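I set out below what I looked up in this structure, entry by entry. The order runs from strand pairing to the pocket and then to one histidine.

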Amino acid sequence: MLVIDDHNMLRGALCEILDRESDITVVGQAADGRAGAEYAERLHPKVVILDVEMPGSDVVQNLLTLRDVSPESRVLIVSMHQDTALIRDLVEYGIAGYLHKSAKRETLLSAIRAADAGGEVVVYVSWQEDKGFGGGNRDPLPDQTLTDRELEVVEQVAGALSNRQIANALGITEGTVKRHLRNIFRKLGAVSRLDMVNRATAAKLISPYPPE
């Protein structure tokens, strides 16, 4: 585990919390993206915790650098930012998850373990109830509804199908699937596939999967 955050007190406290866990070892910590990349290149940590705003570089640049020097590392963003568009962009860049700094200790630890295991993208921001990952119960705006085809795509995603599998199942191209997903994300305000399914389920647009 590598922790990159320019807030010294918070970074130190976070490392102390993580070091108490028997299955988590902090191998390094850094106060900026460049130092973090140097640690990552040398240590190749399984999981990297990265803040959004740090001196010297932006978060996308830091992500790309980490990917270059340690492609096997999974990056978990922990930040005060709640910008849905930013979160969605970072998910597209392949982050393992995004947590607001108000998340509970248990949520953070579970997110780290999920990232280490290569699980579904984790998203927790402060307007979401802390019941799991990407599990916010924020309904879509009332004037934003999904088309029949978009609902079919959501149901296929809920069944854990890939974009290619969805395209084959619905008889459409993979590019069309991606276009539908972009529209669904925008309509529901979702930031990950899991978040999209949870929002659609909470709004009763689709039935729970697996069926309750």
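Entry 1, strand pairing. I take two strands as paired if DSSP finds at least two bridges between them. The model I examined is predicted. I first looked up strand E3, residues 47–50, and its partners. Strand E1, residues 2–4, is joined to E3 by 3 bridges, and the two run parallel. In this pairing, Val3 stands opposite Ile49 in E3. On E4, residues 74–79, I found 4 bridges to E3, again with a parallel course. Here Val48 has Val75 of E4 opposite. From E3 the chain passes through helix H3, residues 59–69, before it reaches E4, and this β-α-β crossover is right-handed.

Entry 2, the faces of E3. Are the residues on the two faces of E3 buried or exposed? I recorded Val47 and Ile49 on one side, Val48 and Leu50 on the other, and all four are buried.

Entry 3, the chain as a whole. I noted 9 helices and 6 strands. The chain has 212 residues, of which 45% count as buried. Of the contacts with a separation of 6 or more, 62% are between residues 24 or more positions apart.

Entry 4, confidence. The average pLDDT of the chain is 84, and 88% of the residues score at least 70. I marked residues 127–143, where pLDDT stays under 50. The model nevertheless has 39 contacts for this stretch beyond four places in sequence. Where pLDDT is low, the predicted coordinates should not be read in detail.

Entry 5, the largest pocket. I looked up its volume and found about 370 Å³ of space. The lining comprises 12 residues, and those closest to the centre are Val91, Glu92, Leu181, Phe185 and Arg193. Which helix gives the most to this lining? I found that H8 does, with 4 residues. Helix H4 (84–92) and helix H8 (174–188) each supply at least two of the lining residues.

Entry 6, His180. I then turned to His180, which lies in helix H8. Why does His180 count as buried? I assign it to that class because its relative accessibility is 9%, and the cut-off for buried is under 20%. Not counting residues up to four places away in sequence, His180 touches Arg149, Glu150, Val153 and Ile172. I also looked up Val154, which is 26 residues from His180 along the chain; their C-alpha atoms are separated by 9.3 Å.

Key:
Residues are numbered from 1 along each chain as its sequence is written. This is a predicted model: local features need pLDDT of at least 70, side-chain atom pairs count only at pLDDT 80 or more; totals for chains, interfaces and linings use all residues. Side-chain values use heavy atoms; hydrogens and water are left out. pLDDT is the predictor's confidence in each residue, from 0 to 100. Contact means heavy atoms within 4.5 Å. Buried means under 20% relative accessible area, exposed over 50%, partly exposed in between (1.4 Å probe, protein chains only). A crossover is right-handed if, with the strands pointing away from the viewer, the path from the first strand over the helix to the second runs clockwise. On a 1 Å grid over the protein atoms alone, a cavity is a set of points where a 1.4 Å probe fits but cannot get out, and a pocket is an open set with protein on both sides within 12 Å along at least five of seven lines; lining residues have an atom within 4 Å of a point. Grid points are joined across faces, edges and corners, and a volume is the space filled by probe spheres set on the points.
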